[in-house]
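Reader: I am new to this structure. Please give me a close look at one part: paired strands and the loops that link strands.

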Amino acid sequence: MSIRPFALALVLLGVVATVNAADTTPHWIWSAADATANQQVMFRKTFTVEGQPSAAKLQVSGDNHVTVWVNGEQVAQSDEWQSPASADVTKHLKPGANVIAILGRNDDGAAALVARLRYKDGAGHPQDVVSDTSWRQLEGKPEGWQKPGFDDAAWKPSFDVGALGKDPWGDVFGGGKKGGGVTAPESLAMLPGFKAELVYTVPKGEQGSWVSLTCDDKGRLIAADQGGAGIYRITPSALGAEPETTTVEKIDLPISSAHGLLYAFNSLYVMINGKVGDKSSGLYRLQDTDGDDKFDKITKLRNFEGEGEHGPHAVVLSPDKKSIYVCCGNHTKIPDHFDSYLVPKNWAEDVFLPRHWDPNGHARGIMAPGGFIARTDPDGKAWELVSSGYRNEYDFAFDGNGEMFVYDADMEWDMGSPWYRPTRFCHSPSGSEFGWRSGSGKWATWYPDSLPPVAEVGPGSPTGVVFGSGAKFPAKYQRALFGSDFTFGTMYAIILEPQGASFKATKEEFVSGRALPLTDMVVGKDGAMYFTTGGRGSQSALYRVVYTGSESTAPVAALPPTDLALQRHKLEAFHGHVDPAAIAAVWPQLGNADRAIRFAARIAVEHQPVAEWQDKALAEADPAARITALVALARCGDKTIQPKALAAWLGLDLAKLGTDAQLEALRACELLITRMGQPEAALAAQLVAKIDPLFPSLDLRLNRDCASLLSTLQSPTAPAKIVEQMGKSELIPVNHDLDALIARNGGYGGPIAAMLAAKPQQQRIWYAYALSVAKAGWTPDLRLRYFTWFEAADSESKGGNSYKGFINAIRKMAWENVPEGERAALATDKLRVGLAARPAPATFAQPKGPGKTWTTDQLTALGKGNLKGRNFENGRNMFGALGCTVCHRFANEGGSVGPDLSSAGAKFSLHDLLESIVEPSKVISDQYANYEVRTKEGNTVGRLMGDDGKDLFVGTNPFDPTQLTAIHKADVTNTRMMKISIMPPGLLDRLNQDEVFDLVAYLLSAANPQDAMFKP
């Protein structure tokens, strides 16, 4: 017989913090010490309530299947003991005799039940009824056994299995220390003086996995499930009180899947992401029309074409509390019409070298402007584009002066490449652009047509963002910007300091923990910070952070804006409209020493008719102002102006400019070519003569941009100079500190450390990229040295999931420029002279077994005592033997068919990890799902890899994402996400128990043999 336990739990809880002083510890009970497979047991408890009861809450949890009645009415049902279901049952209780009835069914193994009833009687006194041997039990189902008045005198007393907290179930209701798959608050790493409390463990089977959070006008919290489980209003327990006093009620409207929530203007704004029921992606408004404190009206304010993890996201109240802002990720199509645009509507890709799409197909065909932020009025009538150029900004926030800050995502598959951009906090003023472009096209941080981040973090998955305003925290943290990382379980405090017209920042790890998939956070009216964990169907919980230190928590005002910030605001007043006074007012600031001022001035200029300032740009004498003006002219002017614009550019004395100005000048030249076309040969030769003296230099950024221009302009000296530089070690410095995270988080740090140790040569990759378009100036020796580099890079360096695919794409483009007669001299055997032989493919021993049909609950219960003394080598062997590495990237190796598992230990509890393996179709991320695309000619099934507006690109071969099928969108009749994962169920059924938990330990440790799980 399996040792899988059956655990069943019930709690009826009041909203008050005080409980009877008597012993109220529930005990695990069952019909006998031993349980049998498929056993059904009925339980009854009759109790008396004095007066009209109030404030009662029910939580129920069962390992397999449990149904609960109060006074004959069914009130709850659960099939997972780790995820208690809950319901407010106040209306089901009555004065006098009451009865709780529970039907529990065991699949196999041991069994037990634990219950607690907490309510307020008619006098307002809190009362408890807990499970013990006084509860009556019987096998069978006599008629009417759930109702009051049924005679259970012949039933037997329950058997006492042990007090709440007993293994293997643990305390399924409190603290998450063992049960429920929730990380215990005391295990979290906190800054000194701060404390975390667990407020509520979300019953996943009933209330889903919470990903968004807001606070209403009464101090209650509102949270939403990522899927279809609905939206919930939470009255959290009082500060310091038991979490059981938290009450949760479901909002009784057919709406869910909200990535963004905002309570404002006596309404709840809901940003739905995807299609749930009859609702599709868009911004909705919920209202209470009759004043009964219940929402009863739903209005859709705006449709957004996009869904999934890069779809529509947060909703945020404006600083003046008169309007609302929304943000959307880069897979959300920007609407065809907004009423106004602070971002000039002249965006383009502006990618200078030929773009390589991601080799694994991610975001193929998705074009500018990428993720965006827009503003609207409370009724959703008038819309304005505010900021753009993000990859996948999930949330944003405003400081006390109304400055907007955004936490944007990286593309972790790009790691090791020169275009990789780490997750970043951005100061996002009016009209801002941050240069996300798909594949290799991401703009460099120094490009003047974009703005730089104020802080770079590193790889991760940004989620909730909030300022500490209103929190009872020390002044430093009231002014701090907080951002959550889902993947690596870290909440950052970004300490901002005004600098010029913008800011500089330092980051601190405010909260971090294992299996802490952070999703959203708010500051409550009680001065605590609340945050949720969950997402992708994982176990969800509500926590809060309070300050217990000695520093003052008196409210503080925001730091006053600098004079330059005030000056920027004056320039921003000209954004979004034509104003006859604009050019005279802003032109003197095009050459300002402050980059944010120059940017704001240029955006104001671009909103004015180009005919009013074109001649002024061409005649501008000040070098800095001329560069900025030429950037504007490249973006707004007609192609016929290119010869005059390049002549004005050639008039710059580059040697007398500082490095930053030289970089901006090179970008201006790139834009004049990208937007207006390749110049004629004579003009191109003049540009080469102007740029050539700058290369090589001591500045890697300058070398990169010079290499791109010289190769594109077909400089005859470019191959010799650039190949020479490829032989030198020019490592691009890492701007973010990884040491602390590498040491703290094996899932994060292991693969990153391995990549850094292999020293991917980002600068050399860029040189190879630039030279892939060069046709002039080659010799046989230069070609041999150039193509030899690709062989070495393929063997020696490491990077993200798309790293080698990008290198191969660059090599392929370069090869197309090699004359047929020279290709034989570049055969692989000649290129690999002096290089080590490629390692043979790894082989793995097959599992010993014997296997069995494993279940999630069974393995979760067994795992609590089986994650010590594991065998690292056997875990690694099982990972390979099951073929996991074919589809999943892990420890810097593997495929891209499924999610990267490198950070599994940081995101997932044991239960959630096991569930994802045993039941792969239960929760499928849209990034890895198959879709059925229907046309009149037939159906195509595969991953949606891109959309260029004309065609959908479908990856029909899961093991080769480069094989794409283009389907004309005009022919598509329907597209639906498949509910079956391409990962087959039953993978673990070949393994015996030790093999299963060796594999689990290997995954949770992020392939770290020194992890405690591998110690005796």
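Author: What follows takes the sheets first, then a hairpin, then two loops.

The model is predicted, so a local feature needs pLDDT of at least 70 and side-chain atom pairs count only at pLDDT 80 or more, while totals for chains, interfaces and linings use all residues. Residues are numbered from 1 along each chain as its sequence is written, and side-chain values use heavy atoms, leaving out hydrogens and water.

Start with an open sheet of four strands. Its order is E15-E40-E39-E38, and the pairing is antiparallel. Strands here are DSSP runs (E, at least two residues), numbered from the N terminus. Two strands pair if DSSP finds at least two bridges between them. The edges are E15 (194-201) and E38 (518-523). Each of these edge strands pairs on one side only. From one strand to the next, the twist averages 25°. Such angles are taken between axes, which are lines fitted to C-alpha atoms, with N-to-C directions giving values from 0 to 180 degrees. Look now at one edge. E15 meets E40 (residues 541-547) over seven bridges, in the antiparallel sense. Thr201 of E15 stands opposite Ala541 in E40.

A second open sheet also has four strands. The order is E29-E30-E31-E33, again with antiparallel pairing. E29 (395-398) and E33 (455-458) are the edge strands, each paired on one side only. Neighbouring strands in this sheet are turned by 20° against each other on average, with direction ignored. E31 (residues 423-427) and E33 run antiparallel and are joined by three bridges. Phe425 has Ala455 in E33 as its bridge partner.

Next comes a hairpin. E16 and E17 form it, with five residues between them. Gly219 sits in the turn and has a positive phi of about 85°. E16 and E17 (residues 221-225) share five bridges and pair in the antiparallel sense. Trp210 has Asp225 in E17 as its bridge partner. How many residues of E16 are buried? Six of the six residues of E16 (residues 210-215) are, so the strand is largely enclosed by the rest of the structure. Buried means under 20% relative accessible area, exposed over 50%, and partly exposed in between (1.4 Å probe, protein chains only).

Now the loops. Each of the two holds a proline to look at. Pro53 lies in the loop between E3 (40-49) and E4 (57-62). Pro53 counts as buried because its relative accessibility is 5%. Set aside neighbours within four places in sequence. Pro53 is then in contact (heavy atoms within 4.5 Å) with Thr90, Leu93, Lys94, Pro95, Tyr119, Lys120 and Asp121. Take Leu93 from that list. Pro53 and Leu93 are 40 residues apart along the chain, and their C-alpha atoms are separated by 6.5 Å.

Pro142 belongs to another loop, between E11 (136-138) and E12 (156-157). Is Pro142 buried or partly exposed? Pro142 is partly exposed, at a relative accessible area of 28%. Again leaving aside neighbours within four places in sequence, Pro142 is in contact with Met42, Phe150 and Trp155. Met42 is 100 residues from Pro142 in sequence. In space, C-alpha to C-alpha, Met42 and Pro142 are 9.6 Å apart.
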